Each structure stands twice: as structure tokens, then as C-alpha cells.
Amino acid sequence: MRLAELSAGYREAAARLDIQISRLRRLRRGTADAQTRAVLANRLRKLCEARRQCRELALLCEHYYERGFYRYASDSFQGLAP
């Protein structure tokens, strides 16, 4: 599998996360219970982080072989390690 193919997969995953995030935001707006809202807010934070990571990985995979692409130290696979 090539990095360009991986990039498309990350973009698709980010799009699916967008749908989930929108659904949870609507659900949170319609919920009056404070505890439920807090649980939903926590879940939203995690999903937003996952979406951000998917987008970053997609961008990295798309431009990995382009000279001068690395703007920051974190823009490498080594910077993505847990």
C-alpha cells in the first residue's frame, strides 16, 4: 500500500468522525441533564482529537515525499509516536 492510499483512508476516517461529532453536538444541545452533557462533552473532545490526528496523518502521507514539507518537528512519523 502506498502513502497516497493511506492518505485517502485517513481522509475517509476523518469524514466519518465529522458525522459522529455533528450528531453528538446536536444531542448535547438537546440534553438538559448536566451529567449527560459532561459525558457527551468528554466524548466530543476525544473524537475531535481523533479527527485532528486523522487529518494530520492524511496531510503527512500526501506530502511525505515532497522536499521541504516538514514545517515542524512533529511533522514526521517519529513525532507521531505515543
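The legends below describe a predicted model in a set of close-up views.

Residues are numbered from 1 along each chain as its sequence is written. In this predicted model, local features need pLDDT of at least 70, side-chain atom pairs count only at pLDDT 80 or more, totals for chains, interfaces and linings use all residues, and side-chain values rest on heavy atoms, with hydrogens and water left out.

**View 1. The whole protein, with 2 helices and 0 strands.**
Helices (H or I, at least four residues) and strands (E, at least two) are DSSP runs, numbered from the N terminus. Helix H1 covers 3-29 and helix H2 covers 34-63. The protein has 82 residues, and 26% of them count as buried. Buried means under 20% relative accessible area, exposed means over 50%, and partly exposed lies in between (1.4 Å probe, protein chains only). The accessible surface comes to about 6200 Å². Carbon and sulfur atoms hold 53% of that surface. Accessible areas come from the Shrake-Rupley method with a 1.4 Å probe; for residues, only the protein chains shown count as cover. Of the contacts with a separation of 6 or more, 49% join residues 24 or more positions apart. Contact means heavy atoms within 4.5 Å.

**View 2. Ser7, a buried residue of helix H1.**
Ser7 lies in helix H1. Its relative accessible area is 2%, so Ser7 counts as buried. Which residues does Ser7 touch, leaving aside its neighbours within four places in sequence? They are Ala58, Cys61 and Glu62.

**View 3. Ala15 of helix H1 beside Arg51.**
Ala15 is found in helix H1. Ala15 is partly exposed, at a relative accessible area of 38%. In sequence, Ala15 and Arg51 are 36 residues apart. In space, their C-alpha atoms are 8.1 Å apart.

**View 4. The salt bridge between Asp18 and Arg55.**
Side chains of opposite charge can pair when their charged atoms come close. A salt bridge is a side-chain nitrogen of Lys or Arg within 4 Å of a carboxyl oxygen of Asp or Glu. A search of the whole structure finds 5 of them. In one, Asp18 pairs with Arg55, and the closest N and O atoms are 3.2 Å apart. This pair links distant parts of the chain. Asp18 sits in helix H1 and Arg55 in helix H2, 37 residues apart. Are these two residues buried or partly exposed? Asp18 has 26% relative accessibility, so it counts as partly exposed. Arg55 has 38%, so Arg55 is partly exposed too. A network of salt bridges links Asp18, Arg51 and Arg55.

**View 5. Arg52 of helix H2, with salt bridges to Glu49 and Glu56.**
Glu49 forms a salt bridge with Arg52, with the closest N and O atoms 2.3 Å apart. Both residues lie in helix H2, 3 residues apart, which is about one turn of the helix. Arg52 also forms a salt bridge with Glu56. Here the closest N and O atoms are 2.5 Å apart. Why are Arg52 and Glu56 separated by about one helical turn? The reason is that they are 4 residues apart in helix H2. Glu49 is partly exposed, at 33% relative accessibility. Arg52 is partly exposed at 35%. Glu56 is partly exposed at 39%.

**View 6. A positive surface patch.**
Which residues form the positive patch? They are Arg23, Arg25, Arg26, Arg29, Arg43, Arg45 and Lys46. Patches are made of residues with over 30% relative accessible area and no salt bridge; like charges are joined within 9 Å, and nonpolar side chains (Val, Leu, Ile, Met, Phe, Trp, Tyr) within 5 Å. Lys and Arg count as positive and Asp and Glu as negative, while His and the chain ends are not counted. The place of a charge is taken as NZ of Lys, CZ of Arg, CG of Asp or CD of Glu. Helices H1 and H2 each supply at least two residues of the patch. H1 gives the most, with 4 residues. One patch member, Arg25, has its place in helix H1. Arg25 is partly exposed, with a relative accessible area of 33%.

**View 7. Ala38 of helix H2 and Arg28.**
Ala38 lies in helix H2. At 45% relative accessibility, Ala38 counts as partly exposed. Arg28 is 10 residues away along the chain. The C-alpha atoms of Ala38 and Arg28 are separated by 8.8 Å.
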